[in-house]
Amino acid sequence: DFGTANSCIAFASYNEKANGIVDADPLHRPEVIPFHGRDIIPTALHLGDGERQPPTFGRMAEERGAVDPTRLYTGFKLQLGHPDKGKDAYLMAKYFLRYLRKRAEQYVPLGVESQTERVETVVGHPVQWSADQREATMRAAQDAGFPNVRLEEESLAALYCHVFDERSGFQLKPGSYVLTIDM
């Protein structure tokens, strides 16, 4: 979930059946990748001063931004695909996603080519986004180094999360209806 205020990464492993169909029962249930002991990371970056202070991300970026707010960037996701601020937003999104990728590769073989394994990257986006915003999001994730990127509407991603999360106690029964509200 590449969020406006917070982001989160989870991973799972699945078997592939015949004809490219993925078995719905995971080998390894979805697990969140922690950032400094938390399941989420603020979608924030502080560019530093270009000399002594390196860029920081997440909570550390917010803390540094309290002292030096001119180099703190948040909310840039909302500007993706826009004609005037889209280019800068794309660069910030790519930079932030590259940081997330570095953390994710500690858990998932993102840079390893394999005949038996395939890594899919699914990035959530708001349902109402334009084609330009979706394209910029996908390109930022690809350029950040995530493999096999595809997008998913956030409301469907939230539904998938609850269906497959053992901690939620959510038990889908045949013939059930599920209403998902993503705010």
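Throughout these legends, a residue is called buried when its relative accessible area is under 20%, exposed when it is over 50%, and partly exposed in between, with a 1.4 Å probe and only the protein chains considered. The structure is a predicted model, in which local features need pLDDT of at least 70 and side-chain atom pairs count only at pLDDT 80 or more, whereas totals for chains, interfaces and linings use all residues. Residues are numbered from 1 along each chain as its sequence is written, and side-chain values use heavy atoms, with hydrogens and water left out.

**View 1. The chain as a whole and its order of elements.** Of the 183 residues, 31% count as buried. The chain has 4 helices and 9 strands, where helices (H or I, at least four residues) and strands (E, at least two) are DSSP runs numbered from the N terminus; read from that terminus, the elements follow the order β-β-β-β-β-β-α-β-α-β-α-β-α. Contact means heavy atoms within 4.5 Å, and among the contacts in the chain with a separation of 6 or more, 57% are between residues 24 or more positions apart. The chain exposes about 11,800 Å², of which carbon and sulfur atoms supply 52%, with areas taken from the Shrake-Rupley method with a 1.4 Å probe.

**View 2. Helix 3 and its buried face.** Helix 3 comprises the 13 residues 131–143, and its end C-alpha atoms are 18 Å apart, which agrees with the 18 Å expected at 1.5 Å a residue (the expected span being 1.5 Å times one less than the number of residues). Its buried residues are Gln-133, Ala-136, Thr-137, Ala-140 and Ala-141. Seen down the helix axis, these residues fall within an arc of 130°, so they line one face of helix 3, the arc being that of the directions from the axis to the C-beta atoms. They pack against helix 2 (86–104), strand 8 (121–125) and strand 9 (149–153). Gly-145, which follows helix 3, has a positive phi, near 105°.

**View 3. The pairing of strand 8 with strand 9.** These two strands pair in the parallel sense over 5 bridges, pairing being assigned if DSSP finds at least two bridges between two strands. Within this pair, Gly-124 stands opposite Glu-152 in strand 9. The chain crosses from strand 8 through helix 3 to strand 9 in a right-handed β-α-β crossover.

**View 4. The surroundings of Ala-10 in strand 2.** Strand 2 covers residues 10–13, and Ala-10 counts as partly exposed because its relative accessibility is 48%. Leaving aside neighbours within four places in sequence, Ala-10 is in contact with Glu-31, Val-32 and Ile-33.

Conventions: A crossover is right-handed if, with the strands pointing away from the viewer, the path from the first strand over the helix to the second runs clockwise.
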